[in-house]
Amino acid sequence: MSDALTSSTPGSPVHFEVSTNVPTTHGTFQMRAYRDLVTSAEHVAIIGTLPDGSLPSDGALVRVHSECLTGEAFGSLKCECGPQLDAALDTIAAEGGVVVYLRGQEGRGIGLINKLKAYRLQEDGLDTLDANLALGLPADSRAYGGAAGILADLGITRVRLLSNNPEKRRQLEEHGITVESLVPLVVGVSPQNAGYLDTKRDRMGHELPAHLEAGAGAAG
């Protein structure tokens, strides 16, 4: 793990900028900021220490989380992103681990304005995937090379991935991170996002229960 104020590992897709401790409503975390050398986005690794006070290492519980302004800041019920982030932070505060928070990935990579345009199309009956396609945009353009670079900087090459998305697993492994298991994260289910979650499961391959109930909590 880099200890200087700023550092760069040759060949890494990210540049480490600064580390600082931040008290939050979930607990106090070490936050390490990185600049993505491919997209110029600013990412952050939010690190919860293990019960013995040590830093996470190989085999750590890791959440790779995409920025979602509507769900996290505005409390939108059209997705479960806010509750997922809250649950992940609570978990790493209690057990130790890392949340890799990726900025620049709003709306599965299409940006805030296009995301709201897709929401408008969903009001006409399109699902979340077809709405993106109707705008001439990919269903999901997110890339996780930056997340893999951050984990490598932390000295973590094997993780238990807190996610329902096999594509995250595939991409992390493609970039040299071994995913020992997917740890389900099923939270924030509501009548307003039931169709969205069904589309994730049925059309995008997410590992979600066949029957989702409002108020479902984290599993695993």
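Start with the largest nonpolar core of this predicted model. The core holds 24 residues. Select Val 62, Val 64, Val 100 and Leu 172, the residues with the most contacts inside it. Next, colour the elements that each supply at least two residues of this core: strands E1 (14-23), E3 (42-48), E4 (60-66), E5 (97-102), E6 (158-162) and E7 (178-183), together with helix H6 (145-153). H6 gives the largest share, 4 residues. In soluble globular proteins, nonpolar side chains tend to be buried together.

Stay in this core and centre on Leu 172, one of the residues with the most contacts there. Beyond residues up to four places away in sequence, Leu 172 touches Val 64, Tyr 144, Ala 147, Ala 148, Leu 161, Ile 177 and Val 179.

Now move to a second, separate core, which has 15 residues. Val 44, Leu 61, Leu 89 and Leu 185 are among them.

Go next to helix H1 (residues 69-72) and select Thr 70. Is Thr 70 buried or exposed? Its relative accessible area is 5%, so Thr 70 counts as buried, the cut-off being under 20%. To see what surrounds Thr 70, show its contacts outside four places in sequence: Gly 75, Ser 76, Glu 106, Leu 112, Lys 115, Leu 116 and Tyr 119.

From that list, keep Tyr 119 selected and add Lys 78. The charged end of Lys 78 sits over the ring of Tyr 119, 4.8 Å from its centre.

For another charge over a ring, select Arg 32 and Phe 16. Arg 32 lies over the face of Phe 16, at 4.0 Å from the ring centre. Finally, turn to rings paired with rings: the model has 1 aromatic pair.

Note on methods: Residues numbered from 1 in each chain as written. Predicted model: local features only at pLDDT ≥ 70, side-chain atom pairs only at ≥ 80, totals over all residues. Heavy atoms only, no water. Core = buried A, V, L, I, M, F, W, Y, C linked by side-chain atoms within 4.5 Å. Buried < 20%, exposed > 50% of the residue type's maximum accessible area, 1.4 Å probe, protein only. Contact = heavy atoms within 4.5 Å. Phe/Tyr/Trp six-rings, centres within 6.5 Å; stacked < 30°, edge-to-face > 60°. Lys NZ or Arg CZ within 6 Å of the ring centre and 35° of its normal.
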